[in-house]
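Me: Hey, can you walk me through this one? I'd like to start with what the words mean.

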Amino acid sequence: MEKGEFGLIEWIRGQFRVPDGVLGIGDDCAVIPQHDGQETLVTTDMLVEGTHFLLEDIDPYSLGWKSAAVNLSDIAGMGGKPVGTFLSVALPKTLDDSFLEDFFRGYKDISDRAGCPLLGGDTTASPDRLCINVTVLGNCAAGRSRKRSAAKPGDLVCVTGPLGDSGAGLKVILDKVERFEEETILRERHYRPVPRIDEGMKLAETPGVNAMMDISDGIGSDLRHILEESGTGARVDVRSLPLSAELRAVCARRGWDPVALALEGGEDYELLFTCRPGTAVPVSHTVIGEILAAPGLHWEGAERDFIGFHHF
Ligand code: ADP
Ligand code: MG
């Protein structure tokens with residue numbers, strides 16, 4: 001088995017034969033064709049106290065919001081419409097009712113905004129840490145969902161919004177340096193990401209949009225998934241990365257590198273997609289590079305390589 005998170009997932013992937021027409025491990029969601037001209041999308045993600053969040057660093061409302069948002073984002077990453085979520089929680093005895101009420105308020109607010117109700121789940125005790133697992137079901141017209149594997153040489157590489165805000169927001173939280181309004185805005189971006197569901201659905205209806213995924217680990221890592229699954233390479237001009245005014249201001253003040261945060265910070269939950277040049281892209285976006293036939297990821301205007309966030 002190859003080392004690391006992705007080596008383990010590849011090993012698991014090799015254990016099962018998946019029926020023709022079904023997309024299993026390897027994309028933002030599994031895709032299961034239905035008989036009515038639709039396909040069902042399924043995604044699941046776990047958040048573990050101590051690994052994904054620290055209770056002293058995140059308020060319960062934001063934790064509830066984020067637990068739903070990061071999963072809804074995987075449906076957005078394929079261009080689907082989320083139809084329902086399932087929430088399982090393992091609760092340590094130390095959590096009080098007000099924590100849970102606030103957690104569910106956050107979970108409900110982003111669910112309402114996404115038009116996606118909670119349909120089930122599981123509740124159990126945890127000896128020690130809080131664990132949260134969310135599963136989301138979505139749907140899409142058959143053949144419309146956008147895969148990581150569909151990038152073609154000559155495609156433009158695009159993102160739907162600013163990169164690095166969430167990574168910088170996490171640094172603001174961990175370094176305890178929230179003094180100015182820009183820092184508060186970045187912290188909010190980290191705590192309460194907004195999944196790009198409408199944008200994803202519009203992109204999935206646009207001919208010429210090829211590969212798509214959501215940005216959870218930073219494009220230093222996420223773009224590599226598109227390249228690996230598509231058997232292509234890419235060049236990215238780091239000077240063209242969309243950076244918010246808040247990110248620029250905070251990085252200038254604190255001496256942080258905005259490009260490193262944009263490429264490796266992760267958790268921006270914008271969409272990363274490729275499209276043919278000349279495509280009438282129906283959502284606000286920035287072109288950051290181009291897909292190449294030869295494998296390899298080239299950063300233009302950068303002094304070093306960027307790898308994105310890895311869990312282990
Ligand atoms: P994302 O960041 O988009 O949620 P992940 O990096 O978590 O994606 O997962 C990548 C792919 O690997 C997905 O298709 C996911 O379903 C699959 N995967 C991850 N962990 C496991 C596991 N333990 N068993 C089966 N599939 C897994
Ligand atoms: Mg994803």
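Reply: Sure. One term to begin with: a residue is called buried when its relative accessible area is under 20%, and exposed when that figure is over 50%. Also, keep in mind that this is a predicted model.

Me: OK, so D28 and D214, are they buried or exposed?
Reply: Both D28 and D214 are buried.

Me: And what are the protein donors of the magnesium ion?
Reply: For the magnesium ion (ligand 2) they are D28, D74 and D214, each through an OD atom, at 2.0 to 2.2 Å. Along the sequence, the spacing of these donor residues reads D-x45-D-x139-D.

Me: Which parts does the pair D28 and D214 tie together?
Reply: D28 sits in the loop between helix 1 (4–13) and strand 1 (30–33), while D214 is in strand 7 (residues 209–214), so the pair links parts 186 residues apart in sequence.

Me: Switching to ligand 1. What surrounds it?
Reply: Its surroundings include I9, I12, I25, G26 and S216, and D28 and D74 from the magnesium site are among them too. By class, the shell has 3 nonpolar, 2 polar and 5 charged residues.

Me: Which polar side-chain atoms lie 3.0 or 3.2 Å from an oxygen atom of ligand 1?
Reply: D45 has one 3.0 Å from a ligand 1 oxygen, and R148 has one at 3.2 Å. D74 also has a side-chain N or O atom 3.0 Å from an oxygen of ligand 1.

Me: How much of ligand 1 does the protein cover?
Reply: It covers 65% of the 560 Å² of accessible area that ligand 1 has on its own.

Note on methods. Residues are numbered from 1 along each chain as its sequence is written. Chains are lettered from A and ligands numbered from 1 in the order in which they are written. This is a predicted model: local features need pLDDT of at least 70, side-chain atom pairs count only at pLDDT 80 or more; totals for chains, interfaces and linings use all residues. Side-chain values use heavy atoms; hydrogens and water are left out. A residue is near a molecule or strand if one of its heavy atoms lies within 4 Å of it. A polar contact is a pair of N or O atoms within 3.5 Å; within protein, one must be able to donate a hydrogen and the other to accept it, and residues adjacent in sequence count only if both atoms are side-chain atoms. Accessible areas come from the Shrake-Rupley method with a 1.4 Å probe; for residues, only the protein chains shown count as cover. Ala, Val, Leu, Ile, Met, Phe, Trp, Tyr, Cys and Pro count as nonpolar, Asp, Glu, Lys and Arg as charged, and the others, Gly among them, as polar. Donors are N, O and S atoms within 2.8 Å of the metal (3.2 Å for Na, K and Ca); water is not among the atoms, so sites may look incomplete. Helices (H or I, at least four residues) and strands (E, at least two) are DSSP runs, numbered from the N terminus. Buried means under 20% relative accessible area, exposed over 50%, partly exposed in between (1.4 Å probe, protein chains only).
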